[in-house]
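Below are some comments on the side-chain contacts, set out as numbered points. Please read them alongside the sequence and the structure.

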Amino acid sequence: MDIALLILGLFLMLVGILGSFLPILPGPPISWLGLLLLHLTTAVPEDWTLLGITGAIALVVLALDYIIPAVGTKKFGGSKSGIIGTTIGLLVALVFPVFGPFGIIIWPFIGAFVGELLNKSDKKTAVKAAFGSFLGFITGTFLKFMLAIIFLGLFISKAWDYKNALFPYFN
């Protein structure tokens, strides 16, 4: 059963990293679930302090992911249409990778710009607001990605520390 929990936990870690970029998946909480599964094995002792702190951090980052783009857009004079455009641009980048790896950066900006233009902003205001929305989106994505990578590092570190207990047949 420990091996199944370990594999499922690692899978959730990888999905959590993907969730850093996909707006549909809440990356940090999914990564945290991977840590939880690792601690539910009989080989790794339960560390509720670590789980509590990492869980709280995951929830704070999840909340910030919704706050940061809005703050960035408002700071640069944008509207909710810019935020929606940014999200649509991200989805376009994921479904149609026209610009290759740069599409994840270009499409959200284009989406925010079009969203602001549809909101009847002039081009100068639309570019400024699109930049703010885009900057907020990139900041939130970077924050989620870094947290998911840190959680993966904790997962690997804990699994490595208790490898003899997790894999007793290989001793």
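**Notes on side-chain contacts**

1. K144 and D65 are both buried. Their side chains form a salt bridge, with an N to O distance of 3.2 Å. A search of the whole structure finds one salt bridge. K144 belongs to helix α6 and D65 to helix α3, so this pair ties together parts that lie 79 residues apart in sequence. Please keep in mind that the model is predicted.

2. D2, in helix α1, is a different case from the acid in point 1: D2 is buried but has no salt bridge. The nearest side chain of opposite charge belongs to K158, 15 Å away. What does the side chain of D2 join in a polar contact? The partner is the side chain of T42, at 2.6 Å. Leaving aside residues up to four places away in sequence, D2 touches T41, T42, A43 and L166.

3. The count of aromatic pairs comes to two. In one of them, the ring centres of F21 and F145 are 5.4 Å apart. Their planes meet at 45°, which lies between the limits of 30 and 60 degrees, so the pair is classed as tilted. F21 sits in the loop between α1 (2–19) and α2 (27–39), while F145 is in helix α6 (residues 123–161). The pair therefore links distant parts of the chain, 124 residues apart.

4. Are the two rings of that pair buried or exposed? Neither label applies: F21 is partly exposed at 30% relative accessibility, and F145 is partly exposed with a relative accessible area of 26%. Buried would require a value under 20%, and exposed a value over 50%.

5. F76 and F131 form an aromatic pair as well, with ring centres 5.5 Å apart. The angle between their planes is 80°, so the pair is edge-to-face. F76 is in the loop between α3 (48–75) and α4 (80–95), and F131 is in helix α6. This pair, too, links distant parts of the chain, here 55 residues apart. F76 counts as partly exposed, at 24% relative accessibility. F131 is also partly exposed, with a relative accessible area of 39%.

6. A last item concerns a charge and a ring. K163 lies over the face of W160, and the distance to the ring centre is 4.3 Å.

7. To recap on helix α6: K144 of this helix pairs with D65 of helix α3, F145 pairs with F21, and F131 pairs with F76.

Key:
Residues numbered from 1 in each chain as written. Predicted model: local features only at pLDDT ≥ 70, side-chain atom pairs only at ≥ 80, totals over all residues. Heavy atoms only, no water. Phe/Tyr/Trp six-rings, centres within 6.5 Å; stacked < 30°, edge-to-face > 60°. Helix = DSSP H or I, 4+ residues; strand = E, 2+ residues; numbered from the N terminus. Buried < 20%, exposed > 50% of the residue type's maximum accessible area, 1.4 Å probe, protein only. Lys NZ or Arg CZ within 6 Å of the ring centre and 35° of its normal. Lys, Arg positive; Asp, Glu negative; His and termini not counted. Salt bridge = Lys/Arg side-chain N within 4 Å of Asp/Glu carboxyl O. Polar contact = N/O pair within 3.5 Å; in protein donor to acceptor, adjacent residues only side chain to side chain. Contact = heavy atoms within 4.5 Å.
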